[in-house]
Amino acid sequence: MEEHQKEMTYIRLLNQALTLYKEERYQDAIELINQYGHTVGGNIAQIYSYLFSMAARAGRNNLALGLMQEAIEVKGFWYSPEYLRSDDDLEPLRRFGMFEQFVEICEEREKEAKRNAKPELRLLSEQGDSIIVALHGNQDSNDINEPYWRCADRSAIVALAQSSVESFSGGYTWKDSEKGAAELEQHLSSLRDRFSIPPERIVLAGFSAGCNVVLRAILEGKARAGSLLLVGPWLPMLDEWRPRLSVLEGTRVRIIIGDRDEDCLEGAKKLDSFLDDIGVEHELRLVEGMDHDYPDDLCDEVAALLPAER
């Protein structure tokens, strides 16, 4: 294992805030987010949701409501009404009249988002004789995903696939993995028509729940690729899919996981074991000190999986 660097990023900020949350250090989490939230980019709506949730947990109801008002009424963000009405963190706020007003505003904005929902395929590069298609994680987006894959555009066509399902402002989810696999199938079809790249020169990549969609699409015959790059893979259906993993024969599989990734480490190791059992070419890289995150040398990983130039 190699040690993971600690420069603050949006994903690392959320991970560290969650760690403080689990330790019930809510005020420390608020201070951490206030220190870095304006410098790391990412989804500001999500940063606000962390802040007002932490404030509510800390018993600072006025602060929490003020943050919600700023996020929803001033910034124009919306959050799932189901989340607002059911999340335990927000329970202390539900007795206030203005909270229900926020919910009603979000209901209308969610309806509008659903009316306009569609999958997005963003091309970062159109030059090369190989294609990388990368899928974001849950509550994520192409905007957040793009910086991690931008450096790969020097050597291949790079496309980012974004789910059509928006769970809050700027936060897209692959909760329906069957729908996500169908969307990926359509993206690959359009890319093949446009660039005429054969499947063996395609790298399918994902982060977290994006890996689940990639693997489902492969196993159901909706996608073909020469290589898979699975970063922090969240694979809740892996046991069910085990009998079909032989479909991966002839495909290179690279799994990257942090040794501090509490939610996904077990699944990554299980996939490694299952692939060992059936002789599929693969490698598991365990990054010391890394939580649910991308490694700093992601582009080196991509370059190693790209086929040699023709």
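Student: What makes up the lining of the second largest pocket, by class?
Tutor: This is a predicted model. In it, the lining of the second largest pocket has 4 nonpolar, 3 polar and 5 charged residues.

Student: Which residues are these, and what makes them lining residues?
Tutor: Trp 78, Arg 109, Glu 112, Ala 113, Asn 116, Ala 117, Lys 118, Glu 120, Gln 162, Ser 164, Glu 166 and Tyr 172 line this pocket. A lining residue has an atom within 4 Å of a pocket point. Helix 6 gives the most, with 3 residues. The volume is about 190 Å³.

Student: Why is Glu 166 called partly exposed?
Tutor: Its relative accessible area is 23%. Buried needs under 20% and exposed needs over 50%. Glu 166 falls in between, so it is partly exposed.

Student: Where does Glu 166 lie, and which residues does it touch?
Tutor: Glu 166 lies in strand 5. Not counting residues up to four places away in sequence, it touches Trp 78, Ala 113, Gly 171 and Tyr 172.

Student: How do you know that Glu 166 makes a polar contact with Gly 170?
Tutor: A polar atom of the Glu 166 side chain lies 2.8 Å from the backbone nitrogen of Gly 170. The cut-off is 3.5 Å. The value is within that limit, so the pair qualifies on distance.

Student: How do you know that Ser 141 is buried?
Tutor: Its relative accessible area is 5%. The limit is under 20%, so Ser 141 counts as buried. Ser 141 sits in the loop between strand 3 (131-135) and helix 7 (142-149).

Student: Which backbone nitrogens does the side chain of Ser 141 reach?
Tutor: It reaches the nitrogen of Asp 143 at 3.3 Å and the nitrogen of Ile 144 at 3.2 Å. Both values are within the 3.5 Å limit for a polar contact. Leaving aside neighbours within four places in sequence, Ser 141 is in contact with His 136, Gln 162, Gly 170 and Tyr 172.

Student: How many aromatic pairs does the structure hold?
Tutor: There are 7. One of them is Phe 52 with Tyr 79.

Student: What makes that pair edge-to-face?
Tutor: The planes of Phe 52 and Tyr 79 stand at 90 degrees, and the centres are 5.4 Å apart. Pairing needs centres within 6.5 Å, and edge-to-face needs over 60 degrees, so both tests are met. Phe 52 is in helix 3 and Tyr 79 in the loop between helix 4 (61-74) and helix 5, 27 residues apart. Both are buried.

Student: Why is the pair of Trp 149 and Tyr 294 called edge-to-face?
Tutor: The ring centres are 6.3 Å apart and the planes are at 85 degrees. The limits are within 6.5 Å and over 60 degrees, so the name fits. Trp 149 is in helix 7 and Tyr 294 in the loop between strand 10 (282-288) and helix 12 (298-305), so the pair ties together parts 145 residues apart in sequence.

Student: Are Trp 149 and Tyr 294 buried or exposed?
Tutor: Buried. Trp 149 has a relative accessible area of 0% and Tyr 294 has 1%. Both values are under 20%. Ring pairs also link Tyr 148, Trp 149, Phe 207 and Tyr 294 into a cluster.

Student: What lines the largest pocket?
Tutor: It is lined by 50 residues, with Leu 18, Gln 46, Tyr 50, Asn 138 and Gln 139 nearest its centre. Helix 1 supplies the largest share, 10 residues. The volume is about 1900 Å³.

Methods
Residues numbered from 1 in each chain as written. Predicted model: local features only at pLDDT ≥ 70, side-chain atom pairs only at ≥ 80, totals over all residues. Heavy atoms only, no water. Helix = DSSP H or I, 4+ residues; strand = E, 2+ residues; numbered from the N terminus. Buried < 20%, exposed > 50% of the residue type's maximum accessible area, 1.4 Å probe, protein only. Polar contact = N/O pair within 3.5 Å; in protein donor to acceptor, adjacent residues only side chain to side chain. Contact = heavy atoms within 4.5 Å. 1 Å grid on protein atoms, 1.4 Å probe; cavity = no way out; pocket = protein on both sides within 12 Å on 5 of 7 lines; lining within 4 Å. Points joined across faces, edges and corners; volume = space filled by probe spheres on them. Nonpolar A, V, L, I, M, F, W, Y, C, P; charged D, E, K, R; others polar. Phe/Tyr/Trp six-rings, centres within 6.5 Å; stacked < 30°, edge-to-face > 60°.
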